[in-house]
Each structure stands twice: as structure tokens, then as C-alpha cells.
Amino acid sequence: MSQKKYSKKTYKLKTIIILLVGVVVLIALFCTSVLVAYDNAKTTKASLEDKVWTISTSFARSPVVIEGLAEITTRERLQEYAQEVLEETGVDYIVVMDMDRIRITHPTSEQIGKEFVGNDEQKAFQGDAYASTAEGTLGESLRAFIPIEDETGEQVGVVAVGILTDQINEAIYRSQLMVWLGGLLGLIPGIIGAVFLASKVKKSMQNLEPVEITQLLQTREAMLSSVQEGIIAINSDGEIILVNDAATSILHRAGYKENPLHQKMVEFLPDFKLHDVLDKGKVERNQHLQLNELELVVNRVPVDSNGIRIGAMATFQDKTELILALDQLSGVKTYAEALRMHTHEFMNKLHVVSAMVHTESYEELQTYIKTISTYYQEDVGWIARHLNDPVLVGYLLNKLTMVKNKGIEVSLSGDSAWPVIKDPNLLNTLITVIGNSLDNASEALTSKNNPKIKVTVDCDEFDLLWKVEDNGIKITQEKLDNLVSKGSTTKGSGRGYGLHLMYTSVTEMKGDLVIKANEDEGVTLTATVPLQGAEYDKRINS
């Protein structure tokens, strides 16, 4: 069943950073521009209001205006004066009204003599000065009303100076235009800075995209979790920054239960000497290290980047596991040697049979065939019937041949046959147990007269049974129990791993290994390995 693949469009990190920084700068400039523009609008409007207020105040105090209201003959001069001030100040109109609210001056001559329009002038005729916005004959405008008084202080009229709202809006627009242009110009260095920042960030990430970094991290985690070697890495400050699952498991077995992450290596695991590698930069491989009860094989290497020392790393493995792997490889090699030896032996026997037939030595041939048949029935045939698995048959035949060549008498017993083993882990465990148990038994009989080994192969519905009994030297049970510990031996330095390897292999398969001292002499080793959960062929040859 194939899985459907789908791709979700993703943007590059550089694009995301540029867009993000650009949007942030744009929003900041926009908010700033809005506030500045709003303030400028208020300032512009206030400035124009002050302008009409100042002009109207000055105009109301002019003698020409006061005289024009008092004398009808001077009103033409008043209109001319109003027009001059209008052109000089840039306001849109200056209207002078008498106390009957009749216009004396106006930018449009047709409006002179008519009543003022707007309905906002009442308070001015009551002596109040103020500004307002209202609709007039020229349109909506901002205008200031100032009462006009003669020399005696009596009010004789009102002057209204105004600027059309359209003109005010245009002035506000001109003031805001520069603000918005400034904001747009400010966006340019923001975008340039965003591009520069994105390039620096991308370079610091080795030009990798976040998705690629995620994939690398996931791949790294999977690799670190899958390897059987323990891995510990430290940074340039000697702080532990990486510990894989295998390292945690080994450290727990050595008695280090605390989480090593973010601890100082020189304080937490000084025996690893990673601080020396960090300082000296020397690569050290296959170094032996005793960590409490565990013997480890350690490799130490410095970690450099662009010529700069950024840390150090150690990989390590339990020495027992390495020896177990070598023992399993040795078992496979022994099996191959056994096949080669038996093939050679079979060819020699065929040559003998061929020679006897050629010389017509039929009586001798009959005797020879009986001898071969007896050997087959006693050893080869029995083993083939009770083990069934060709790997185990070849391996055991070779080991028994080596034992017999030392002058040791071997007897075989058992009721039920083993099935064909398909589980490689179970097969490796059986090879480890068979090889080491026969090696230990034969070495125990080195100086023994009339040495004997009894091998029992049996099986029931749930378990495989392997038993080896020898008549070697007498030994106490207490001493045997000590020999199960790794490295304990009576054979000399550098040995003593056989019993420990068997115990480890059988325990990993959830089996049981029992070693008992016989009452008279020798030792009996019994290994029971469960079949449940293991893959095997239930067909048994009869």
C-alpha cells in the first residue's frame, strides 16, 4: 500500500524574515505617520484659525473700517481696503457688516448690500468675538467674528474674516503629504536592513532552511538512538550537551543515575578525561576505562569547526558486549571450519571406499563401512537427529571433535530433539553457551586421568535444555558462584569472560543458567532457554 505524498507550500527563511521585518517597519511607520499627520492636521487648522483671528482683529481696529461704517461716502474706500488685505493675507473673504447685518464689503460685489448668511453671527452683534465653521454664500468656511467699535466704545458693526474649508483641507493635505513621503522613504532602509539581517541569520544557520534543520535534527536523533555505542559530547566550556540512549543505559548500569545533561564533565565523569582532549586536541582510540563495576572501551576525539575548537566527544561501549560479539563471530567461523573439515573428511572416506572397490577388497570394505556407520550412529547421526539445525549440528560436531582430540571421552544423551532455530539472537545464544561450556569443561580436564564429559540435549514445549557435566577437579559452590562475575577466573590474567558471557546471553533471552559443583568431583552446567517468543521451525526430523 503506497502512501500519498503531499507538499505544503513553504516560504524560504530569508523571504519570511524580509517580509516579517518589512511588515513590522511598515506598521511602525504607518502608525507614526498617522499620529504625526493627525497632529499636523490639528496644528495646520489651529494655525489657520489663528491667522483669521489675527487678521479679523487687526482689520476691526483699522480707522478705515471704523470711518467706513460711520460715513457712507467712504464705503467704497472700505471695499478697496478689504480687497487689498484679502489679497495680501490669502484669506478667502473679509466681510464688514453694519448693525443691521447688511454687508458693507464682500469679495463678490453682487453680495454687497445684502444680509449676511450663516446664522452664526448673532453673538458677534452682542459684542462677543469668536470663530466658527458654517455654510455661507461661498461655501463652508472657517470664520472669525470680531465686533467693530468707534472711538467712544460703541459697537458700530462686525467684521467676519474666513477661509474656505476646501482651502483648509488642501493645506492639511500638503502638510500630511510630506509626512507620508517621509514614511515611505523610511521604509527603504528598513527593507535594506531586513535583507541584511536575513542574510546574516541564514549564514549563521549554514544556509539551511528550518525544514532542513528539523530533518537533520530528527535524523541525528534517530541515529543517536539506534547506535549501540554510548555517545557523550561537551561544548568548549566543558559542559555536557549531548547524551544518547545507549550512553544513559551504560551510565545507569555503572551507578550514575543522575541526568548528565548540562553538567560539567570534569566533575560528573572525570575518568573520561574529555577535558584533556578539549585542551590538547589529541585523538585517543580504544582506551580501556574502569567505570565502577563496568569495563569500557572508549574513543575520544576533539570537535573543531572552521579551525576553532568547539568541543569534544567520547564514544564508548561495554567491553563485555564487544567480547560477546567477537565470541559470536568466532562461533560462525568455527561452524565454517567444521563444514570444511567434515567435507574434507567425507572426501577422504570416499577415496578409501573407491580404492577398496577398485581392489575388490570387499570384506575390508564391509568392515570399514560398519565402522563408519557406528561412528555416524554414535555421533553424527545422533547429533543430526537431536539438533536438526544445520548450523548447530556443524558447530557441535566440530567442538566435539576438538574435545575428543584432547583424549576426552564424550557421551551424548537426551530424549526430545531441538527444533530448527530461525531466530538469530537465540541461535547466537546457543552457540555462545555450547562453545564456552565445552571449552570450560575440556580445560577443567587438562590434568585429569580418564577425563569424561557428558552432554545432554533435551527439549519440551516451552524450553531448550543444554547440560554439560565433567569429572574435573573438585570445587566448592561458593567459588563457582564467584566465577560467574565478569573477569573472575582460575585460568590467569586476561581471561574469565566465558561464564559471564554465557550468563549475559542466557539472561538476555530470559533464560536460566545454573552451575553446580558435583558431590564427588567436577561441575554440572545447565542452561535453559525459553522457546516462546523465538522464531523456530516446529518440524522435527525423526
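A salt bridge here is a side-chain nitrogen of Lys or Arg within 4 Å of a carboxyl oxygen of Asp or Glu. Going by that, the structure holds nine salt bridges. Keep in mind that this is a predicted model, where local features need pLDDT of at least 70, side-chain atom pairs count only at pLDDT 80 or more, and totals for chains, interfaces and linings use all residues. Residues are numbered from 1 along each chain as its sequence is written, and side-chain values use heavy atoms, with hydrogens and water left out.

**Exercise 1. Find the strand partners of β3, and work out whether β3 is enclosed.**

Step 1. Let's start with the names: helices (H or I, at least four residues) and strands (E, at least two) are DSSP runs, numbered from the N terminus. Strand β3 covers residues 139–149.

Step 2. Now look for pairing, which takes at least two DSSP bridges between two strands. Strand β2 (residues 130–136) is joined to β3 by seven bridges, and the two run antiparallel. Here Y130 sits opposite F145 in β3. A hairpin with two residues makes the link from β2 to β3.

Step 3. On to strand β4 (residues 155–164): nine bridges join it to β3, again antiparallel. R143 faces G162 in β4. The β3 and β4 hairpin has five residues between the strands, and G153 there takes a positive phi near 90°.

Step 4. Finally, check burial (buried is under 20% relative accessible area, exposed over 50%, partly exposed in between, with a 1.4 Å probe and protein chains only). Nine of the eleven residues of β3 are buried, so the strand is largely enclosed by the rest of the structure.

**Exercise 2. Compare three salt bridges: where are the partners, and are they buried or partly exposed?**

Step 1. Side chains of opposite charge can pair when their charged atoms come close. Take D120 and R143: their closest N and O atoms are 3.0 Å apart. D120 is in the loop between β1 (93–98) and β2, while R143 is in strand β3, so this pair ties together parts that are 23 residues apart in sequence. D120 is buried at 14% relative accessible area, and R143 is buried at 2%.

Step 2. Next come E521 and K448, whose side chains meet at 2.7 Å, N to O. This pair links distant parts of the chain, 73 residues apart: E521 is in the loop between β14 (512–517) and β15 (523–530), and K448 is in the loop between α12 and β12 (452–459). E521 counts as partly exposed at 27% relative accessibility, and K448 is partly exposed, also with 27%.

Step 3. Last up, E84 and R77 meet at 3.8 Å, N to O. E84 is partly exposed at 38%, and R77 is partly exposed at 39%. There's a bit extra here: R77, E80 and E84 are linked in a network of salt bridges.

**Exercise 3. Describe how helices α11 and α12 pack.**

Step 1. Two packed helices are described by the angle between their axes and the distance between the axes. The axes are lines fitted to C-alpha atoms, for helices over the stretch in contact, and angles run from 0 to 180 degrees between N-to-C directions.

Step 2. For α11 (residues 390–405) and α12 (residues 424–444), the angle is about 10° and the axes are 11 Å apart. That makes α11 roughly parallel to α12 (under 35 degrees is roughly parallel, over 145 roughly antiparallel, 65 to 115 roughly perpendicular, the rest oblique).

Step 3. Now the contact (heavy atoms within 4.5 Å). The α11 side includes V391, L392 and Y395, and the α12 side includes L427, L430 and I431.
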